[in-house]
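Me: I'd like to work through this protein with some questions. Could you take me through it step by step?

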Amino acid sequence: MKQISKILSAIVFATLLYSSASAQTPEVWSKLKSQINLFWCNDMGRNGYYDQKTIAEMMGVMAETVKPEAIIAAGDVHHFNGVASVNDPLWMTNYELIYSHPELMEAWYPILGNHEYRGNTQAVLDYTHISRRWMMPARYYTKVFTSKGCTIRIVFLDTTPLIEKYRNDSITYPDAHKQDRETQLQWLDGILKSAHEDWVICIGHHPVYAQTAKEEDERGDMQKYLLPVLQRYHNVAVYGCGHIHNFQHIKMPGDAIDFWVNSAAALSRKVKPAAGTVWCNSSTGFSVISVNRNNLTISAIDKKGNILYQLTKTK
């Protein structure tokens, strides 16, 4: 009888655990809503395979409740060699036919990832003239979202040309060395110097800090070239990125900026804590940015719609 009792207890515990992990509902998601709401995905271009289609469908279902104003696509929309032109079939199989839910027919604000730089980067910009929802005015640009007196500025960066690894490999990444690194950094300095919004978030494809098996030189160049500009005016709340294919929240001693790695919207990789790690998770998924004048929250969402973790900043 004791053995049976133990088995029954284990079954009940497993059932409760599964129920709690699967209990995310529109009622729970509605608590994510704030004055301004944005969805954020990256590392997604897998022709719908792995978890891409599942996550795209979950984004659409959650959008019915959260009602995002826009979707951020933080690079590597197309694996593995970018696109050849605006007519490349990958636009259909990686994007249009995958993110087809009616609630995802909002403005998408993309940036270039390292995989876009393997192909025709100009075609990624030119797709703005093909798709009504693809909003990419330049390789780097900024957008202010406003609602009921609340403002948030998103600064979209082009990080591949900031990194020597890509600049020095003109065969694999033919456009990277053609971009003027100093011009972008000076532009960013000017944007941040005059930014007066309630919140400022900068988003690039590559991390400044992250636990990863990728070359340390990538983060080293980001820390050398980009980080000093991000820190200069003390108004950047979060620097966010993709590239690493898992979730990470990193906070370095003495730095007011929170560093957020958004997981892949298709294929994820393992992760473990490292210097500065507040939280990490190897699930695939996407993030939701929710802000009002006093609070900024970034929520990590997995493929089942579970809220895994929230980064919250207050004023």
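Below are questions about helices, buried residues, salt bridges and a surface patch.

Me: Before we start, what kind of model is this?

Reply: Local features need pLDDT of at least 70 and side-chain atom pairs count only at pLDDT 80 or more, while totals for chains, interfaces and linings use all residues, as this is a predicted model. Residues are numbered from 1 along each chain as its sequence is written, and side-chain values use heavy atoms, with hydrogens and water left out. So the kind of model asked for is a predicted model.

Me: Let's try α3. How far apart are the end C-alpha atoms of α3?

Reply: Helices here are DSSP runs (H or I, at least four residues), strands are too (E, at least two), and both are numbered from the N terminus. The expected span of a helix is 1.5 Å times one less than its number of residues. For the 15 residues of α3 that should give 21 Å, and the model agrees, with end C-alpha atoms apart by 20 Å.

Me: Is Ile 55 in that helix buried or exposed?

Reply: Ile 55 is found in α3, which covers residues 52-66. Buried means under 20% relative accessible area, exposed means over 50%, and partly exposed is in between (1.4 Å probe, protein chains only). Ile 55 has 1% relative accessibility, so Ile 55 counts as buried.

Me: Which residue is 231 residues from Ile 55 in sequence but 7.8 Å away in space?

Reply: Let's look at contacts, meaning heavy atoms within 4.5 Å. Not counting residues up to four places away in sequence, Ile 55 touches several residues, including Ala 264, Thr 284, Gly 285 and Phe 286. The one that is 231 residues away in sequence and 7.8 Å away, C-alpha to C-alpha, is Phe 286.

Me: What about α8: where is its kink?

Reply: Helix α8 runs over residues 216-232, and its 17 residues reach 24 Å from first C-alpha to last, close to the 24 Å expected. A bend is the angle between axes fitted to the seven residues ending at a residue and the seven starting there. In α8 there's a kink of about 45°, shortly before the proline Pro 228, and it lies at Leu 226.

Me: Which elements help cover the buried residues of α8?

Reply: The buried residues of α8 include Met 222, Tyr 225, Leu 226 and Leu 230. What covers the buried residues of this helix includes α6 (164-167), α7 (181-194), β6 (199-203), β7 (238-241) and β9.

Me: Now for charges. How many residues apart are Glu 103 and Lys 67?

Reply: A salt bridge is a side-chain nitrogen of Lys or Arg within 4 Å of a carboxyl oxygen of Asp or Glu, and the structure holds 13 of them. Glu 103 and Lys 67 form one at 3.3 Å, N to O. Glu 103 is in the loop between α4 (90-96) and β3 (107-110), and Lys 67 in the loop between α3 and β2 (70-73), so the pair links distant parts of the chain, with a separation in residues of 36.

Me: Which helix holds the Asp 189 that pairs with Arg 232?

Reply: The side chains of Arg 232 and Asp 189 meet in a salt bridge at 2.6 Å, N to O. Arg 232 lies in α8, so the pair ties together parts that are 43 residues apart in sequence, and the helix holding Asp 189 is α7.

Me: And is Asp 189 buried or exposed?

Reply: Its partner Arg 232 is partly exposed, with a relative accessible area of 42%. Asp 189 has 17% relative accessibility, so Asp 189 counts as buried.

Me: Which residue joins Lys 165 and Glu 215 in a network of salt bridges?

Reply: Lys 165 and Glu 215 form a salt bridge, with their closest N and O atoms 3.2 Å apart. Lys 165 is in α6 and Glu 215 in the loop between β6 and α8. Salt bridges that share partners bring in one further residue, Glu 218.

Me: Last one: how much accessible area does the patch of Tyr 49, Tyr 50 and Leu 267 have together?

Reply: Patches are made of residues with over 30% relative accessible area and no salt bridge, with like charges joined within 9 Å and nonpolar side chains (Val, Leu, Ile, Met, Phe, Trp, Tyr) within 5 Å. Leu 267, in the loop between β9 (258-261) and β10 (277-281), counts as partly exposed at 31% relative accessibility. Areas come from the Shrake-Rupley method with a 1.4 Å probe, and for residues only the protein chains shown count as cover. Together the three residues of this nonpolar surface patch have about 360 Å².
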